[in-house]
Protein chains: 2
Amino acid sequence: MNTKSTKHKPVVTTPSEREIRIERIFDAPRERVWKAMTDATLLAQWWGRGNKLEIERYEPKRGGHWRMVEHTPEGPQGFEGRFREVTPPERVVQTFEWDGMPGHVVIETMTLEDLGDGRTKLVNVSLFHTPEERDGMLHSGMADGVEQSYAALDEVLHKLAS
Amino acid sequence: MNTKSTKHKPVVTTPSEREIRIERIFDAPRERVWKAMTDATLLAQWWGRGNKLEIERYEPKRGGHWRMVEHTPEGPQGFEGRFREVTPPERVVQTFEWDGMPGHVVIETMTLEDLGDGRTKLVNVSLFHTPEERDGMLHSGMADGVEQSYAALDEVLHKLAS
């Protein structure tokens, strides 16, 4: 498992001064990755990177809202947003906001590409209102958090396969 | 009344390709304008420009949410957002989103300046994620809507004075 997580490190780039782009390969077919990313019960198993995740609201459709509370050792952290587009099994566009910085909204565009060999390429582009907000996210340890989340997602995908 | 509304037309400008700035003078002291803009009962009397306004949620403090439904002749229109900053009696920063375009979020920074002669200058700057979203708002008849809302606000301020 560890070998796999290391092999598929997320690649983080900054295509523009207000964007962060993350690319990551998963050793699972696209339908399975889609399911693990949009089914609330499965989402709760990896998004919190081992921390308990409470899903207060999860309506994956255009106009639907979502809200989750991650119970970290430092206390609860709330996150929420709204779906702009949900196109199975390939594309989700949603807003993302952390309770610690209310009203600072990121637009996340997530696409899943079927690589044709049983693997899936995920690309997530985050668009911020300002370069400062983008930089704040970059310096928040976000890359480590994403790497941990996706390693946990690897495990969920592995379990779903068996 | 009409004379007053005409005299104080909102001035709409575009300081950058992602912003809309609106400036409007009110013939009322700042504390009174603040009250009419942040008290839910008063807000319901002018925001809908004569249409019934249902305030589902209104928590004017950092991190608080708001949601209002305007009952127009064409049907209900939902609007919502979250407060980033509420500093009485001079500044509110909040997000703004229309149900018709879910996940398209505008940051609104509203400031009230005491002109020292019993009048108040309101400045509202809206920051969009993209120039296209800004242009969409400009071409939506927004300026007329704002003018009607602020004319209705004039009436509320006049009533509060007596």
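## A tour from strand β5 of chain B

Start with Phe79(B), whose bridge partner in β6(B) is Trp98(B). Please keep in mind throughout that this is a predicted model. With Phe79(B) still selected, add Met68(B): Phe79(B) in β5(B) is its bridge partner. Nearby in the listing is another pair to pick out, Arg67(B), which stands opposite Glu80(B) in β5(B).

**The strands around β5(B)**

Now select residues 65-72 and 75-87 of chain B, which are strands β4 and β5. These two run antiparallel and are joined by eight bridges. Follow the chain from β4(B) to β5(B) and you pass through a hairpin of two residues. Move on to β6(B): β5(B) pairs with β6(B) over six bridges, again in the antiparallel sense. The hairpin that joins β5(B) to β6(B) has three residues. If you turn on hydrogen bonds in your viewer, remember that strands of a sheet pair through backbone hydrogen bonds, either parallel or antiparallel.

**The whole sheet of chain B**

Show chain B as a cartoon. In what order do the strands of the open sheet lie? Reading across, the eight strands go β1-β2-β8-β7-β6-β5-β4-β3, with antiparallel pairing. Colour β1 (11-13) and β3 (52-58) of chain B to mark the edges, where each strand pairs on one side only. From one strand to the next, the twist averages 20 degrees.

Next, select residues 30-38 of chain B, helix α2, which packs on this sheet. The strands that α2 touches include β2 (19-26), β6 (91-98), β7 (106-114) and β8 (120-127) of chain B. Look at α2 together with β7(B), and you will find about 155 degrees between their directions.

**Where the chains meet**

Bring chain A into view. Here 24 residues of chain B are in contact with 24 residues of chain A. Between them the two chains bury about 1800 Å², with 49% of that on carbon and sulfur atoms.

How many salt bridges are there between chain B and chain A? The count is eight. For an example, select Arg82(B) and Glu80(A), whose side chains meet in a salt bridge at 3.5 Å, N to O. Polar contacts between the chains come to 20 residue pairs, both residues at pLDDT 80 or more. On the side of chain B that touches chain A, the elements giving two or more residues are β4, β5 and β6 of chain B. The largest share, four residues, comes from β5(B), the strand where this tour began. Coloured by class, this side of chain B shows seven nonpolar, eight polar and nine charged residues.

**Across to chain A**

Select Thr130(A), in the loop between β8 (120-127) and α4 (131-138) of chain A. Its side chain and that of Glu133(A) are joined by a polar contact of 2.9 Å. Leaving aside residues up to four places away in sequence, Thr130(A) touches Arg18(A) and, in the other chain, Leu127(B).

From that loop, step into α4(A), which lies across β1, β2 (19-26) and β6 (91-98) of chain A and runs at about 40 degrees to β2(A). Then choose residues 142-161 of chain A, helix α5, lying across β1, β2 and β8 of chain A at about 25 degrees to β2(A).

For a last stop, select β3(A) and residues 65-72 of chain A, strand β4; six bridges join these antiparallel strands. Within this pair, Leu53(A) has Glu70(A) in β4(A) as its bridge partner.

Technical notes. Residues are numbered from 1 along each chain as its sequence is written. Chains are lettered from A and ligands numbered from 1 in the order in which they are written. This is a predicted model: local features need pLDDT of at least 70, side-chain atom pairs count only at pLDDT 80 or more; totals for chains, interfaces and linings use all residues. Side-chain values use heavy atoms; hydrogens and water are left out. Two strands pair if DSSP finds at least two bridges between them. Axes are lines fitted to C-alpha atoms, for helices over the stretch in contact, and angles run from 0 to 180 degrees between N-to-C directions. Contact means heavy atoms within 4.5 Å. Buried area is the accessible area (1.4 Å probe) that two parts lose on being put together, summed over both. A salt bridge is a side-chain nitrogen of Lys or Arg within 4 Å of a carboxyl oxygen of Asp or Glu. A polar contact is a pair of N or O atoms within 3.5 Å; within protein, one must be able to donate a hydrogen and the other to accept it, and residues adjacent in sequence count only if both atoms are side-chain atoms. Ala, Val, Leu, Ile, Met, Phe, Trp, Tyr, Cys and Pro count as nonpolar, Asp, Glu, Lys and Arg as charged, and the others, Gly among them, as polar.
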